[in-house]
Amino acid sequence: MNILLSCPSKFNLESKNLKKLGGIESLNLELAKSLSKDKNNVTLATDCKKTIIKNKITNIPIYKLKNNAKNYSFDTIISSNDTSLYSYFKKSKKILWLHNKLQIEKSIRKKNFFSINYHRPYVVFVSNYLHNFTSNFLLFKKRFVISNFLSNSFIIKKMNFNRKKIFVWSVQRDRGLSELIEIWVNKIYQRDKSVKLYIFGVNNKISKSKLTFLRSKNIFFYGRVSKLKLKKTYLNSLAMICLGYDETFCLNALEANSCGLPIITLGKTALKDYSISNYNSIIAKNFNDLE
């Protein structure tokens, strides 16, 4: 079977930062690898400059597909959050892999609304929350909910039970982070000066003086790091803090759970369905409860 995976992000199979890719890009790579092992001809279309063939996967620039569509044929197209390739391959089975919210206004602005209602693709939502959030005015042929899967790199063979007093924030969005930092500085650190907060993925422009102050309170900003770095940190930490303000799935929470970390959360959005109190999560009612 000829399968096209479309992921309109800037990366390719030889990118130096493959280990630092976001969730959507990582999932497309994992799916491409899995499908190629089942004797499928897999093409991965990304926002890249040249065609690369590696490990039985053909990575092709999206613009090249559009400019030379008549030279290609696919049985199935699985496209992440985007429908721009559908009109170029009218005979292909079309699947929209929806990772993010697609409000009516956004679907029109991103030129997806009319494409969806014309081509009527199947849609796969990554969570029940996203399924319930998406308007019925988007006329999909059929709706499915398939939760995101765990990357092979996060399959843990040996769990570490000798943990350090480290709490992790690895959500790229920063809503609620300032409130957490205030609680940490004024209350948590004051009670226990050995506990640490590691913040990954957030690229806030913080002054050097403030970073120095925060480090004095055991708060450390690391920016975006590799999955290997995250995995090592998770395996040595006590818990992940993921408040859940705007999560359509939260792959980070699944990865943290696989490393033995409970998720400290307010249980909002998709985490409301994912989080089970005193099983894989600690659910707080409000910020005061985080203390």
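Which residues lie nearest the centre of the second largest pocket, and how many residues line this pocket?

## The second largest pocket

In this predicted model, the second largest pocket is lined by 20 residues, and those nearest its centre are L18, K19, L29, E30 and K33. Its volume is about 450 Å³, and its lining, sorted by class, comprises eight nonpolar, five polar and seven charged residues.

Helices α1, α8 and α9 each contribute at least two residues to the lining of the second largest pocket. The largest share comes from α1, which supplies six residues.

## The largest pocket

The largest pocket holds about 1,100 Å³ of space. It is lined by 41 residues, of which G23, I24, E25, N100 and R173 are the closest to its centre, and the elements giving two or more residues to this lining are α1, α8 and α9, the last of these spanning 251-258.

Within the lining of the largest pocket, α1 again gives the most, in this case four residues. By class, the lining of the largest pocket divides into 15 nonpolar, 15 polar and eleven charged residues.

## Helix α1

Helix α1 runs through residues 23-37 and has 15 residues, with a reach of 21 Å from its first C-alpha to its last, which is close to the 21 Å expected at 1.5 Å a residue. The buried residues of α1 are E25, S26, L27, N28, L29, E30, L31, A32, L35 and S36. Among them, E25 is one of the residues closest to the centre of the largest pocket, while L29 and E30 are among those nearest the centre of the second largest pocket.

Just after α1, K39 adopts a positive phi of about 65°.

## The nonpolar core

The largest nonpolar core has 89 residues, and within it W169 and Y234 touch the most other members. Helix α6, residues 177-191, gives the most to this core, with eight residues. In soluble globular proteins, nonpolar side chains tend to be buried together.

Beyond the residues up to four places away in sequence, W169 touches D174, R175, G176, L177, L180, Y198, I199, F200, V202, I241 and L243.

## F167 and T233

F167 lies in strand β9, which covers residues 166-169. With a relative accessible area of 19%, F167 counts as buried, because the cut-off for that class is under 20%. If neighbours within four places in sequence are left aside, F167 is in contact with W184, V195, K196, L197, Y198, L238, A239, I241 and I264. F167 and K210, which are 43 residues apart in sequence, are 20 Å apart in space, C-alpha to C-alpha.

T233 belongs to helix α8, residues 227-234, and is likewise buried, with a relative accessible area of 7%. Leaving aside neighbours within four places in sequence, T233 is in contact with V168, Y198 and F200. Y198 thus appears among the contacts of T233, of F167 and of W169.

## E105 in helix α3

Is E105, which is placed in helix α3 at residues 104-109, buried or partly exposed? E105 is partly exposed, because its relative accessible area is 49% and the exposed class begins over 50%. E105 and Y274 are separated by 169 residues in sequence and by 28 Å in space, C-alpha to C-alpha.

Technical notes: Residues numbered from 1 in each chain as written. Predicted model: local features only at pLDDT ≥ 70, side-chain atom pairs only at ≥ 80, totals over all residues. Heavy atoms only, no water. Core = buried A, V, L, I, M, F, W, Y, C linked by side-chain atoms within 4.5 Å. Buried < 20%, exposed > 50% of the residue type's maximum accessible area, 1.4 Å probe, protein only. Contact = heavy atoms within 4.5 Å. Expected span 1.5 Å × (residues − 1). 1 Å grid on protein atoms, 1.4 Å probe; cavity = no way out; pocket = protein on both sides within 12 Å on 5 of 7 lines; lining within 4 Å. Points joined across faces, edges and corners; volume = space filled by probe spheres on them. Nonpolar A, V, L, I, M, F, W, Y, C, P; charged D, E, K, R; others polar.
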